[in-house]
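Thanks for making the time this morning. I would like to walk through one model with you, beginning with a sheet, then going on to the overall fold and ending with the pockets.

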Amino acid sequence: MNSNIKEIGHVSFKLKDTARSRAWYEDTLGLKVGFVLQKVPGEDYIIYYQLRKGQFIEIFPESSVLTWKDYDGVNHDEWYSYQYATLGEGAGTRVQDPEQNTWMLGNGDPYISRVTYHVKDLQRSIDFYTQIFQLDVVEQDSRRALIRINGFQTVELIHHVYPKDNCTNNKGQCHYALIVRDIVAFVQDMADKGIQIWHGPKTAGMPYTEAYVPVKHSENTYNFYMQDPDDNEIEVMCYSEDSYQVKYAIQ
């Protein structure tokens with residue numbers, strides 16, 4: 001287990017039909033808004049639905065999604081490597097939001113207990129999590145592997161050869177956020193292993209070309225982006241004392 005990795009802090013989705021989707025997340029799932037980011041007054045940029053303290057579902061509403069020209073408002077699970085999340089304990093019951101993003105609803109209070117990906121090369125993905133992130137495999141067979149993040153969260157990898165090149169611009173699911181304790185040490189570890197880091201999603205085309213300098217971003221958190229072997233985005237974050245995730249979240 002990597003002692004610098006704390007937890008999965010959020011899973012992120014973009015939604016073209018904001019009103020219908022927000023009604024589903026708030027009325028069907030019963031989630032409450034922890035805080036909202038606005039780049040322009042009166043226009044929501046990111047909505048953070050509260051799970052347990054420090055954990056969120058991050059939603060990019062319609063005004064933000066217009067910047068993703070390739071997303072048609074329907075999640076095509078069968079086309080790409082895809083992410084779905086399990087909330088709560090147990091295997092969960094499969095449900096979908098209005099844009100067909102998949103969730104598994106388990107028992108007890110909702111929290112991110114697992115994120116799941118379809119991957120083209122299972123061993124390559126296992127090597128990424130064990131050699132790059134230095135995490136442990138807790139279950140494995142010829143079709144799937146379960147990677148331990150901490151005592152209550154896992155990443156599930158399922159071998160599935162999807163037909164199209166993976167690109168998060170085309171999908172409802174954007175990324176998950178990996179919360180670390182020391183982001184500078186984590187960046188150095190990634191650099192030592194030859195991993196490219198980015199200022200934002202890879203499709204934005206903003207790679208770091210100089211040494212990483214920790215700068216607080218819009219939520220007063222430190223972050224950078226990287227990709228797994230299937231080009232799924234992973235946002236690496238470190239909370240500060242004045243991070244919105246810490247200060248303004250529902251307790």
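Please keep in mind throughout that this is a predicted model. Let me begin with an open sheet of seven strands, in which the pairing is mixed and the order reads S2-S3-S4-S1-S10-S12-S11. Its edges are formed by strand S2, residues 32-37, and by S11, each of which pairs on one side only. If direction is ignored, neighbouring strands of this sheet are turned by 25° against each other on average.

Within that order, I would draw your attention to the pairing of strand S1, residues 5-14, with S10, since these two run antiparallel and are joined by seven bridges. To give you one position to look for on the screen, Ser12 stands opposite His175 in S10. Packed on this part of the sheet you will find helix H4, residues 183-192, which lies across S1, S10, S11 and S12 and runs at about 20° to S11.

Stepping back to the whole protein chain, the secondary structure comes to five helices and twelve strands. The chain has a radius of gyration of 17 Å, close to the 18 Å that the globule rule gives for 251 residues, and it is therefore as compact as a globular protein of that length. The C-alpha trace spans about 45 × 40 × 35 Å along its principal axes.

Now to the pockets. Which residues lie nearest the centre of the largest pocket? They are Tyr45, Phe60, Gly200, Pro201 and Tyr225, out of a lining of 27 residues. Two or more lining residues come from each of strands S3 (46-50), S4 (56-60), S10 (173-180), S11 (221-227) and S12 (233-239), and the volume of this pocket is about 560 Å³. Sorted by class, its lining has ten nonpolar, eleven polar and six charged residues.

The second largest pocket has a volume of about 200 Å³, and among the 16 residues that line it, Glu89, Ser113, Arg114, Phe152 and Thr154 lie nearest the centre. Here at least two lining residues are supplied by each of strand S5 (83-96), strand S6 (102-119) and strand S8 (144-148), and the largest share, five residues, comes from S5. By class, the lining of this second pocket divides into five nonpolar, eight polar and three charged residues.

That is where I will stop, and I am happy to go back to any of these views.

Methods. Residues numbered from 1 in each chain as written. Predicted model: local features only at pLDDT ≥ 70, side-chain atom pairs only at ≥ 80, totals over all residues. Heavy atoms only, no water. 1 Å grid on protein atoms, 1.4 Å probe; cavity = no way out; pocket = protein on both sides within 12 Å on 5 of 7 lines; lining within 4 Å. Points joined across faces, edges and corners; volume = space filled by probe spheres on them. Helix = DSSP H or I, 4+ residues; strand = E, 2+ residues; numbered from the N terminus. Nonpolar A, V, L, I, M, F, W, Y, C, P; charged D, E, K, R; others polar. Pairing = 2+ DSSP bridges. Axes fitted to C-alpha atoms, helices over the stretch in contact; angles between N-to-C directions. Contact = heavy atoms within 4.5 Å. Rg over C-alpha atoms; globule rule 2.2 N^0.38 Å.
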